Each structure stands twice: as C-alpha cells, then as structure tokens.
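Reader: I would like a close look at one part of this protein, taken residue by residue and then set against its surroundings. Please go slowly, and tell me what each statement rests on.

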Amino acid sequence: MTSALINLADGPKSQAVTDWAARIGWVVGLLLFVALCYWLMREGWKWRGTLQGDLPELPAVPGAPGEPELRMSGRYHGSTTAGQWLDRIVAHGLGTRSRAELTLTEQGVTVVRPGAADFLIPATALRGARLDKGIAGKVLTEGGLLVITWEHGGKALDSGFRSDRVAEHAAWVEAISTAISTKNSTTEGAR
C-alpha cells in the first residue's frame, strides 16, 4: 500500500492545460447557432407580413379628429384575427408593440404610437370592445386588457391595449358599445 501512495505522489501534480482551440470553437459555434435562430425568427416575422399583404393600408389619423369623448394613455400590445388570440397580425406595423395614446371621438378611435405608425379605427369599423386577459405575446390577469374588435379590409381584427390606469377599461368598453349601438340605431332609422 505504501508503494501505491509513493507512486501516486510521484504522478503529475496539475490538471492538463485547457485546449483553448476547442473551447473557442464551441463558443463560436454557439454564437453562430444563436444568430441563426434570431435570423430565422426575423424571416418568419417578415414572411407573416407577406402572407398578410392583402390587408389594405391603415386609415390615417385625421388632422382635426374632433372633440374627444375619452382619452387613454398606455400600451398597445398588438392585433390579432378576431376570436383567435394567438394569430398575430404584423402587416402595416400592427404587430409592433409600443406606447400608445388612444382618443375616442365621433370619427372613431385614434391610436397615436411614438416610434410606430399611428392609425385610426373608424367609427363605422368598430364591432365591439371587451375586457380580456390575453392577446398574442401578452397574458395578464382577467380584465387587464382592453380589446377593441374592428373590421379592416373585410377582416375582423382584435387590437389589445392596456391603460396606465386599468380602471379606465370599463369606461372604454361602455363608450364604444354606446357608440356602436348609436351608429346602428341611426343606420336602421335611415332605411
């Protein structure tokens, strides 16, 4: 047993030197893999926009939108196909999340987004509003998201917003529902 200890003590005293070429190769390979993943995600986003190319340009924000009924400051979380909360619409910048200022007027809902395209949801295109808990890419507590349903280019869309003051959401649902019912009663009376 003592000879085994003596042989062990005479052996090498340190670990083998790290193979730097192999380590650098692994790091470079991993970085290339991550870059490939990001590139594929970007191409998928662009492809989705191409598939949704039949969607017409968004209505522009009018110069004089009229007297505001309601205002809201918060975040725009994106738009999806109505009723399909995971089918994100990315055409014409509708997939870009950003800060948003919403204003409800007689003309509709004006969405002003710094760093992204502003747009108008015309009053004639409004189909409804509700409180929900999620839209593609964002899930909140029940009632934490204001979802406005509207029609654009023959396609029904859901657009999700979250106010800086969540208590405002109920007033928006009520005001949009009132605007839709008023528009419908005026249209039916004209026939």
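Author: In this predicted model, D158 has a relative accessibility of 4%, and because buried means under 20%, D158 counts as buried. D158 belongs to strand β10, which covers residues 155–163, and the side chain of D158 makes a polar contact of 3.2 Å with the side chain of R130. Apart from residues up to four places away in sequence, D158 touches the run G78, S79, T80, T81, A82 and G83, and also R130, I135, V147, I148 and T149.

One of those partners, I148, leads from this charged residue into the nonpolar interior. Not counting neighbours within four places in sequence, I148 is in contact with L102, V109, I121, L126, G128, A129, L157, D158, S159, F161 and I176. The largest nonpolar core has 26 residues, and those that touch the most other members are L102, V109, I148 and I176. Two or more residues of this core come from each of β1 (70–81), β3 (98–105), β4, β5, β6 (126–132), β9 (145–152), β10 and α3 (169–190). The element that gives the most is α3, with 5 residues.

Strand β3, one of the contributors to this core, deserves a view of its own. Of its 8 residues, 6 are buried, so β3 is largely enclosed by the rest of the structure. With β1 it pairs in the antiparallel sense over 7 bridges, and here Y76 stands opposite S98 of β3. With β4 the pairing is again antiparallel, over 5 bridges, and T105 stands opposite G108 of β4. The connection from β3 to β4 is a hairpin through 2 residues.

Two arginines can be read against this framework. R113 lies in the loop between β4 (108–112) and β5 (119–122); it is buried yet has no salt bridge, and D118, the nearest side chain of opposite charge, is 5.5 Å away. What the side chain of R113 does have is a polar atom 3.1 Å from the backbone oxygen of G93. Beyond its neighbours within four places in sequence, R113 is in contact with Y76, G93, T96, S98, R99, A100, D118 and F119, a list that includes both Y76 and S98, the residues that stand opposite each other where β1 and β3 pair.

R97 is found in the loop between β2 (88–89) and β3. Its relative accessibility is 40%, and R97 therefore counts as partly exposed. Leaving out neighbours within four places in sequence, R97 is in contact with R75, Y76, H77, G137 and K138. The C-alpha atoms of R97 and S79 are separated by 9.4 Å, with the two residues 18 apart along the chain; S79 is also among the residues that D158 touches.

For the wider setting, the protein chain holds 3 helices and 10 strands, and along the sequence they follow the pattern α-α-β-β-β-β-β-β-β-β-β-β-α. Of the 191 residues in the protein chain, 33% are buried. Where contacts join residues at least 6 apart in sequence, 60% of them join residues at least 24 apart.

Methods. Residues are numbered from 1 along each chain as its sequence is written. This is a predicted model: local features need pLDDT of at least 70, side-chain atom pairs count only at pLDDT 80 or more; totals for chains, interfaces and linings use all residues. Side-chain values use heavy atoms; hydrogens and water are left out. Helices (H or I, at least four residues) and strands (E, at least two) are DSSP runs, numbered from the N terminus. Buried means under 20% relative accessible area, exposed over 50%, partly exposed in between (1.4 Å probe, protein chains only). A polar contact is a pair of N or O atoms within 3.5 Å; within protein, one must be able to donate a hydrogen and the other to accept it, and residues adjacent in sequence count only if both atoms are side-chain atoms. Contact means heavy atoms within 4.5 Å. Lys and Arg count as positive and Asp and Glu as negative; His and the chain ends are not counted. A salt bridge is a side-chain nitrogen of Lys or Arg within 4 Å of a carboxyl oxygen of Asp or Glu. A nonpolar core is a set of buried Ala, Val, Leu, Ile, Met, Phe, Trp, Tyr and Cys residues joined through side-chain atoms within 4.5 Å. Two strands pair if DSSP finds at least two bridges between them.
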